[in-house]
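Please open the model in your viewer and keep the sequence panel beside it, since this tour moves from one selection to the next.

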Amino acid sequence: MSNAFAGGVYDGTNVWMIPHEGSSAGTRVLVRINPSTGAMTGYSNWPSGTLSGVSSTDQAFNGGVFDGTYLWLMPYDATSAVRVNINDGTMSSYNNWPSGFSKNNNAFVGGIFDGTYVWMIPHEEDRVIRINPSNGAMTGYNSWPYGSIVT
């Protein structure tokens, strides 16, 4: 398994391993681990289009965050941010990108939850994206200070 996972998140009960590359069969599995027993459950019911054009060697997600209710997966080569219900593993995609933004590959390398919003940290993008977890609305910020590497 090379590059199988890119990050992990603890939701207060379970540990989640964020899938990065696919298996030889081309699948990606989000893994939930019960820390008391070590029992693992896999989820791969990706929303339609989330992995469109992503080969088994591409990196789908890079990191995730827990917002107190849902797990959020940060898209690297995947087309969307993915929200995961921690109780049953159901997934929803969010790709209503802000005006003027076009998501590229190698997009985000993690995220943070500030108590209100989920923030996606750019890798090869020109802006930070903020997600409102209650409705999935996305806002972009790119007023970088002079001298930052993004300018």
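A strand, as the word is used on this tour, is a DSSP run of E with at least two residues, and strands are numbered from the N terminus. Keep in mind throughout that what you see is a predicted model.

With that in hand, select alanine 81, which has its place in strand β7, residues 81-85. Is alanine 81 buried or exposed? Its relative accessible area is 0%, and because buried means under 20%, alanine 81 counts as buried. If you now display its surroundings, leaving out residues up to four places away in sequence, you will find that alanine 81 touches Leu73, Pro75, Ser92, Ser93, Tyr94, Met120, Ile131 and Met138. Draw a distance from the C-alpha atom of alanine 81 to that of glycine 12, and the viewer should give a separation of 21 Å, for two residues that are 69 residues apart along the chain.

Next, zoom out and colour the whole protein chain by secondary structure. The chain has zero helices and 12 strands, so that, read from the N terminus on, its elements run β-β-β-β-β-β-β-β-β-β-β-β. The radius of gyration is 15 Å, close to the 15 Å that the globule rule gives for 151 residues, and the chain is therefore as compact as a globular protein of that length. Along the principal axes, the C-alpha atoms fill a box of roughly 50 × 35 × 30 Å. Of the 151 residues, 43% are buried, and the accessible surface of the chain comes to about 7,500 Å², with 48% of it belonging to carbon and sulfur atoms. Among contacts with a separation of 6 or more, 39% are made by residues 24 or more positions apart.

Now select threonine 50, which sits in the loop between β4 (40-43) and β5 (61-66). Although threonine 50 is found in a loop, its relative accessibility is 0%, and for this reason it counts as buried. Apart from neighbours within four places in sequence, threonine 50 is in contact with Phe61, Ala78, Thr79, Ser80, Val82 and Ser93; Ser93 also appears in the list of residues that alanine 81 touches.

The aromatic side chains come next, and the structure holds seven aromatic pairs. To look at one of them, select tryptophan 72 and tyrosine 94, whose rings form a tilted pair with 5.2 Å from centre to centre and 45° between the planes. This pair links distant parts of the chain, since tryptophan 72 belongs to strand β6 (residues 70-75) and tyrosine 94 to strand β8 (residues 91-94), 22 residues apart. Both tryptophan 72 and tyrosine 94 are buried. For a further aromatic group, select Trp97, Phe101 and Phe108 together, which form one aromatic cluster.

Move on to asparagine 106, in the loop between β8 and β9. What is the phi of asparagine 106? It is positive, at about 55°, although asparagine 106 is not a glycine. With a relative accessible area of 22%, asparagine 106 is partly exposed.

For the last stop, turn on the surface and select valine 109, which lies in strand β9, residues 108-113. Valine 109 is partly exposed, because its relative accessible area is 34%. Add Ile112 and Ile121 to the selection, and you will see the nonpolar surface patch of about 220 Å² that these two residues make with Val109.

Note on methods
Residues numbered from 1 in each chain as written. Predicted model: local features only at pLDDT ≥ 70, side-chain atom pairs only at ≥ 80, totals over all residues. Heavy atoms only, no water. Helix = DSSP H or I, 4+ residues; strand = E, 2+ residues; numbered from the N terminus. Buried < 20%, exposed > 50% of the residue type's maximum accessible area, 1.4 Å probe, protein only. Contact = heavy atoms within 4.5 Å. Patch = residues over 30% accessible without salt bridge, like charges linked within 9 Å, V, L, I, M, F, W, Y side chains within 5 Å. Areas by Shrake-Rupley, 256 points an atom, 1.4 Å probe, with all protein chains shown as cover. Salt bridge = Lys/Arg side-chain N within 4 Å of Asp/Glu carboxyl O. Rg over C-alpha atoms; globule rule 2.2 N^0.38 Å. Phe/Tyr/Trp six-rings, centres within 6.5 Å; stacked < 30°, edge-to-face > 60°.
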